[in-house]
Amino acid sequence: MENVKNKAAGKPHSTLTQQDARSVIDYLSGLKPNALNEALDGLSDNALVSLPWLFELWALEGHQLPPEGDWTTWVILGGRGAGKTRAGAEWVRAQVEGARPQDKGRCRRVALVGETIEQCREVMVFGESGILACSPPDRRPKWEATRRRLLWPNGAVAELYSAFDPERLRGPQFDAAWVDELAKWKKGREAWDMLQFALRLGESPRQVVTTTPKNNPLLREILDEVTTIKTSAATSVNRANLAASFLRYVTAKYKDTRLGRQELEGELLMSEEGALWRHEDIKRGESGDFSRIVVAVDPPVTSGAKADRCGIVVAGVFTDGPPVNWRAVVLKDASVQGASPQGWAARAVEVFHSFKADRLVAEVNQGGELVESLIRQIDPLVPYRAVRASRGKIARAEPVAALYEQGRVAHLPGMAALEDQMCLMTGAGFKGAGSPDRVDALVWAITDLMIDPAARFLAPRVRGL
């Protein structure tokens with residue numbers, strides 16, 4: 001009991017350590033109702049009224065509390081409603097508040113930067129999770145509308161700035177900043193650069209970025225800096241504060257889609273500049289009565305526990321009319337990591353039978369006859385075609401990427417890893433780590449279903465010209 005009193009009584013959240021907070025909440029949550037009431041009754045009035053304002057007691061673990069360590073920029077990536085705004089507002093509080101309302105905090109001048117002044121005001125200041133809503137009465141700042149700023153009882157000031165007007169950040173100086181929804185700023189580069197020059201007060205100015213993760217060159221650059229630390233969270237982690245009907249609806253509608261991964265899971269979907277594919281251009285399709293289905297295999301060069309991934313992709317095609325009207329759907333990415341040659345061969349044959357495919361296609365540049373031998377050991381009768389790469393990966397991928405641009409290839413849900421790899425394929429090569437094994441298998445599948453048949457269809461007509 002004394003421990004609870006000591007942790008909570010008279011202690012502002014800016015001085016309560018995460019370990020302190022966790023010990024308090026662990027203690028209270030472990031009590032039975034009668035014991036809990038007794039513990040709460042034993043708290044002083046000051047301690048009792050302080051509990052709701054001690055954010056460390058109620059924060060969602062993993063993304064709402066400042067990370068340990070020596071960092072300059074903390075980026076909070078999160079899905080819609082994951083609690084990013086609350087984390088940003090509470091961090092500002094922790095910087096400016098002292099032990100008592102008139103005591104100075106760590107920071108005295110804070111920049112609040114959003115896409116527009118209106119969004120700063122309505123979300124960061126007056127929002128349901130904004131600074132005013134999070135501040136206890138004795139430490140609540142005063143809103144000065146004409147000066148577009150918050151003034152705390154201890155003299156700390158937070159000024160609002162719009163990313164649409166970067167030049168306003170030329171001149172003022174700060175010891176902290178909260179940046180909201182940076183990934184959608186139209187003048188992000190200019191505004192960010194001006195803010196960095198303005199963060200020059202105090203011993204170690206810091207900034208927090210709260211944003212839904214959109215593929216944005218500036219955001220990627222910030223994340224790559226050695227002084228940046230990142231936390232992230234999905235919408236679902238904050239389900240206790242969200243309407244159950246909202247969560248059910250958006251999960252059912254957007255699960256396994258690019259938009260869902262970004263807006264609900266808080267994932268940063270990377271597409272390299274000059275990529276052959278972009279996430280937003282990959283369409284969703286449906287299964288059906290396909291004319292043909294193939295399983296394509298890109299065997300790994302290595303074997304053993306640390307073997308490369310074996311790319312295995314299943315695709316089907318509708319062949320109504322001439323080849324220009326054909327449509328394909330990628331049905332499954334069944335790629336396996338670290339399997340033995342017998343393991344990935346067995347997996348390929350298993351998937352072949354599961355989808356009642358018409359053919360199994362495998363690249364044999366590295367394995368030659370060994371690849372077919374492995375397949376035949378498992379099923380001697382499986383229809384099999386060996387393909388050999390006579391051109392580079394990019395040259396083979398470009399015709400397939402063109403079919404995507406024409407809207408003639410779609411994906412079933414559940415292809416996140418494949419799609420991420422696709423968006424790292426550029427005209428200058430693959431920009432990801434390792435080999436683009438999933439993409440290689442995809443290319444062989446679509447080539448067998450659409451590119452090669454179209455070439456055979458056109459050849460007699462070309463010769464007749």
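Visitor: Is strand β2 mostly covered or mostly open, and how many of its residues are buried?

Guide: Burial is read residue by residue, with under 20% relative accessible area as the cut-off. In this predicted model, strand β2, spanning residues 109–114, is mostly covered, with 5 of its 6 residues buried.

Visitor: Which strand is joined to β2 by 6 bridges, and in what direction do the two run?

Guide: Strand β5, residues 157–162, is joined to β2 by 6 bridges, and the two run parallel. Within that pairing, Ala111 stands opposite Glu159 of β5. Strand β2 is also joined to β6, residues 176–180, through 4 bridges, again in parallel. Here Leu112 stands opposite Trp178 of β6.

Visitor: How many helices and strands does the chain hold?

Guide: The chain has 17 helices and 17 strands. Of its 465 residues, 49% are buried. Among contacts with a separation of 6 or more, 69% are between residues 24 or more positions apart.

Visitor: How should a nonpolar core be read, and which residues of the largest one touch the most other members?

Guide: In soluble globular proteins, nonpolar side chains tend to be buried together. In this structure the largest nonpolar core has 63 residues, and Trp277, Trp344, Leu360, Ile446 and Met450 touch the most other members. Helix α17, residues 437–463, supplies the largest share of this core, namely 9 residues. Another core lies apart from it and has 26 residues, including Leu150, Trp152, Ala156 and Val208.

Visitor: Which residues is Trp277 in contact with, leaving aside its neighbours within four places in sequence?

Guide: With those neighbours set aside, Trp277 is in contact with Ala397, Val400, Ala401, Tyr404, Met422, Cys423, Met425 and Val439.

Visitor: Let us turn to empty space. What is the volume of the largest pocket, and which residues lie nearest its centre?

Guide: Rolling a probe the size of a water molecule over the atoms shows where empty space is left. For this model, the largest pocket has a volume of about 650 Å³. Its lining consists of 27 residues, and Gly81, Gly83, Arg86, Ser129 and Asn238 lie nearest its centre. The elements giving two or more residues to this lining are α5 (55–58), α6 (84–96) and α8 (131–134). Helix α6 gives the most, with 3 residues.

Visitor: What is the lining of the largest pocket by class?

Guide: The lining of the largest pocket comprises 12 nonpolar, 8 polar and 7 charged residues.

Definitions and conventions:
Residues are numbered from 1 along each chain as its sequence is written. This is a predicted model: local features need pLDDT of at least 70, side-chain atom pairs count only at pLDDT 80 or more; totals for chains, interfaces and linings use all residues. Side-chain values use heavy atoms; hydrogens and water are left out. A nonpolar core is a set of buried Ala, Val, Leu, Ile, Met, Phe, Trp, Tyr and Cys residues joined through side-chain atoms within 4.5 Å. Buried means under 20% relative accessible area, exposed over 50%, partly exposed in between (1.4 Å probe, protein chains only). Contact means heavy atoms within 4.5 Å. On a 1 Å grid over the protein atoms alone, a cavity is a set of points where a 1.4 Å probe fits but cannot get out, and a pocket is an open set with protein on both sides within 12 Å along at least five of seven lines; lining residues have an atom within 4 Å of a point. Grid points are joined across faces, edges and corners, and a volume is the space filled by probe spheres set on the points. Ala, Val, Leu, Ile, Met, Phe, Trp, Tyr, Cys and Pro count as nonpolar, Asp, Glu, Lys and Arg as charged, and the others, Gly among them, as polar. Two strands pair if DSSP finds at least two bridges between them.
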